[in-house]
Amino acid sequence: MKSAHGVDWTFTNIAGLFLIGFFYDIIIASYFMIPIVLHLWITNELMYKPKWKWVTIIVFLFILFILLFTSIVPADFNKDLKKAVTIYFIVRFLIFLLLLYSGKNFRIKWRKTVLLADFFLITFILLFNSISEWFFWDEFSTRYNFIAVDYLVYTNEVLGNIKESYPVVPIIITVVLVAGSITFLLRKKLTRSPEVLPTFPKRTASSLLLLVVPVLGYLFVHSNTRKFSSNEYVNELAGNGLFEFGTAFIHNELDFFKFYKTIPDAEAFAIMHEELKTPNSTFTTNDPYNLERN
């Protein structure tokens with residue numbers, strides 16, 4: 001709606017816009033699906049049985065020993081990353097011990113709670129992103145790009161400007177309420193899976209099949225796939241904001257000629273010739289694109 005005046009409303013453009021956009025949406029949805037797939041895949045009661053609980057404890061202790069007391073995982077590469085991984089495994093070990101001595105009924109309630117929390121968080125992120133994309137498009141008439149990545153780098157400055165320009169608190173409260181309502185309405189369907197789990201081989205087969213989608217998306221889907229039209233608004237609308245954000249974050253690029261006003265090279269070099277001309281020097285050639293002087 002914001003850019004309707006700039007869109008070339010042909011059948012090819014409209015069909016491509018929605019079909020390609022839907023394709024990118026599926027790829028992004030597959031990324032957000034990963035934590036829920038992993039949660040349901042690795043959920044099992046086997047590790048809490050008398051024989052296997054000691055195997056699990058030994059595995060956890062072995063991993064923690066490697067992280068805390070050896071240099072197999074070098075801290076020099078990224079100290080914060082190693083610290084985060086270490087904290088993660090410590091927390092996971094403590095959760096395992098809690099669930100081990102709390103009984104099966106408590107474990108089922110725990111899994112339901114974690115699943116609902118995952119779903120709420122994903123719903124919140126997607127809803128909040130939709131609003132953020134609307135404001136970003138309103139200002140730049142484009143999907144997320146390296147400007148959005150800069151927002152993360154210069155967080156203090158940007159957050160100050162955002163708070164002054166937009167009603168951040170009411171937006172967050174609204175998104176929380178909507179995400180919470182959606183989660184509440186779907187809670188019975190969501191929490192049914194931890195109660196009656198398929199066998200581990202069946203879960204493995206279905207999980208691997210689902211996880212293939214984000215892997216293939218990461219390897220073979222690129223931002224240029226959306227650029228099918230001569231109309232730039234159509235190409236932007238055919239993309240996905242989160243996908244473009246990831247692309248900009250990885251490649252660290254911004255199209256200069258797209259976002260900055262330019263003039264023809266001949267005119268630019270003519271201006272430079274005039275600016276560099278002095279009584280005591282001459283240009284070495286008559287080439288209008290050569291700025292060397294004697």
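F220 sits in helix α9 of this predicted model, and with a relative accessibility of 59% this residue is classed as exposed, because the threshold for that class is over 50%. F220 also belongs to a nonpolar surface patch, whose other members are V212, V215, L216, Y218, L219, F249 and I250, and which together offers about 860 Å² of accessible area. Two helices, α9 (200-220) and α11 (241-251), each contribute at least two residues to the nonpolar patch, and the greatest contribution is that of α9, with 6 residues.

The helices α9 and α11 belong to a chain whose secondary structure consists of 13 helices and 0 strands. The radius of gyration is 27 Å, whereas the globule rule gives 19 Å for 294 residues, so the chain is more spread out than a compact globule. Along the principal axes, the C-alpha atoms occupy a box of roughly 90 × 55 × 40 Å. Of the 294 residues, 29% count as buried, and the accessible surface of the chain amounts to about 20,000 Å², with carbon and sulfur atoms making up 68% of that area. Among contacts with a separation of 6 or more, 68% join residues that lie 24 or more positions apart in the sequence.

Two of the helices can be set side by side by their end-to-end C-alpha distances and the spans expected at 1.5 Å a residue.

| Helix | Residues | Number of residues | C-alpha end-to-end distance | Expected span |
|---|---|---|---|---|
| α2 | 50-69 | 20 residues | 29 Å | 28 Å |
| α4 | 104-140 | 37 residues | 53 Å | 54 Å |

For α2, the distance between the end C-alpha atoms agrees with the expected span, and for α4 the reach from the first C-alpha to the last is likewise close to expectation.

Which residues of α2 are buried? They are K53, T56, I57, F60, L64, I66 and L67, a list in which a lysine and a threonine stand beside isoleucine, phenylalanine and leucine residues. The cover over these buried residues of α2 includes helix α3 (79-100).

In α4, the buried residues are R107, I108, R111, L115, F119, I122, T123, F124, N129, E133, F136 and W137, so that two arginines, an asparagine and a glutamate are found there under the 20% limit on relative accessible area, together with residues such as F119 and W137. Just after the end of α4, S141 adopts a positive phi of about 55°.

Conventions: Residues numbered from 1 in each chain as written. Predicted model: local features only at pLDDT ≥ 70, side-chain atom pairs only at ≥ 80, totals over all residues. Heavy atoms only, no water. Helix = DSSP H or I, 4+ residues; strand = E, 2+ residues; numbered from the N terminus. Expected span 1.5 Å × (residues − 1). Buried < 20%, exposed > 50% of the residue type's maximum accessible area, 1.4 Å probe, protein only. Patch = residues over 30% accessible without salt bridge, like charges linked within 9 Å, V, L, I, M, F, W, Y side chains within 5 Å. Areas by Shrake-Rupley, 256 points an atom, 1.4 Å probe, with all protein chains shown as cover. Salt bridge = Lys/Arg side-chain N within 4 Å of Asp/Glu carboxyl O. Rg over C-alpha atoms; globule rule 2.2 N^0.38 Å. Contact = heavy atoms within 4.5 Å.
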